[in-house]
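Colleague: Could you take me through the salt bridges in this model, please? I would like to look closely at the partners and at their exposure.

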Amino acid sequence: MSTPAVPSDASEVYRRYLSAVMLHGHAGAKACELGATDLYALNILQLTGPMTPGELGTRIGLTTGPTTRLVDRLEQAGYVRRAPDPGDRRKVIVEPIGKPADLDRVMAPARQRIGELLRGYSPEQLEVLFDYFARATDAYQEAAEQLRTHSAD
């Protein structure tokens, strides 16, 4: 299997891809009558499970006040609840308990198109692609942590 050549404008292609993903996330949030940060917070909670408001704020880059307002909005909308931390009753954790009713409908067209694209790849190509997603996830999370740490200095 020959490796395709990297295009000369690879950086631009990648930046366009990231911008399209972000644009879709913002449009999906708006279509569900949520802010992009609200939808992002719900996604984090769905992927990682319950966490303290402080942990959630750190993950999404918000300070205490905006995080409290975000959790209040999500709780009032029925997407999360505050519960005592089983490990330390003095703490509160935020648990996901629902998702926007329209989210699957709103995301379905993009999911279908991406599914069609993925079906065009061989199993070996998919293995490389998903290996990249996993490694890039780690790299971006580490870079974000470094940025948070350095900006706190």
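Modeller: Happy to! Searching the whole structure gives 11 salt bridges, where a salt bridge is a side-chain nitrogen of Lys or Arg within 4 Å of a carboxyl oxygen of Asp or Glu. Before the details, please keep in mind that this is a predicted model, in which local features need pLDDT of at least 70 and side-chain atom pairs count only at pLDDT 80 or more, while totals for chains, interfaces and linings use all residues. Residues are numbered from 1 along each chain as its sequence is written, and side-chain values use heavy atoms, with hydrogens and water left out.

Let's begin with Arg90, which pairs with Asp88 through N and O atoms that are 3.0 Å apart at their closest. For exposure, buried means under 20% relative accessible area, exposed means over 50%, and partly exposed lies in between (1.4 Å probe, protein chains only). Arg90 counts as exposed because its relative accessibility is 77%. Asp88, on the other hand, has 19% and so counts as buried.

Next, look at Asp104 and Lys99, a salt bridge whose closest N and O atoms are 3.0 Å apart. Here Asp104 is partly exposed, with a relative accessible area of 37%. Its partner Lys99 has 45% relative accessibility, so Lys99 is also classed as partly exposed.

Then there is a pair within a helix. Arg135 forms a salt bridge with Asp131, again with 3.0 Å between the closest N and O atoms. Both belong to helix 6 (residues 123-152), and because they are 4 residues apart there, about one helical turn separates Arg135 from Asp131. As for the numbering, helices (H or I, at least four residues) and strands (E, at least two) are DSSP runs, counted from the N terminus. Arg135 has 59% relative accessibility and therefore counts as exposed, whereas Asp131, at 37%, counts as partly exposed.

Finally, have a look at Asp72, Glu75 and Arg82, which salt bridges link into a network. When you display these sites together, you can set that network beside the pair of Arg90 and Asp88, the pair of Asp104 and Lys99, and the pair of Arg135 and Asp131 in helix 6.
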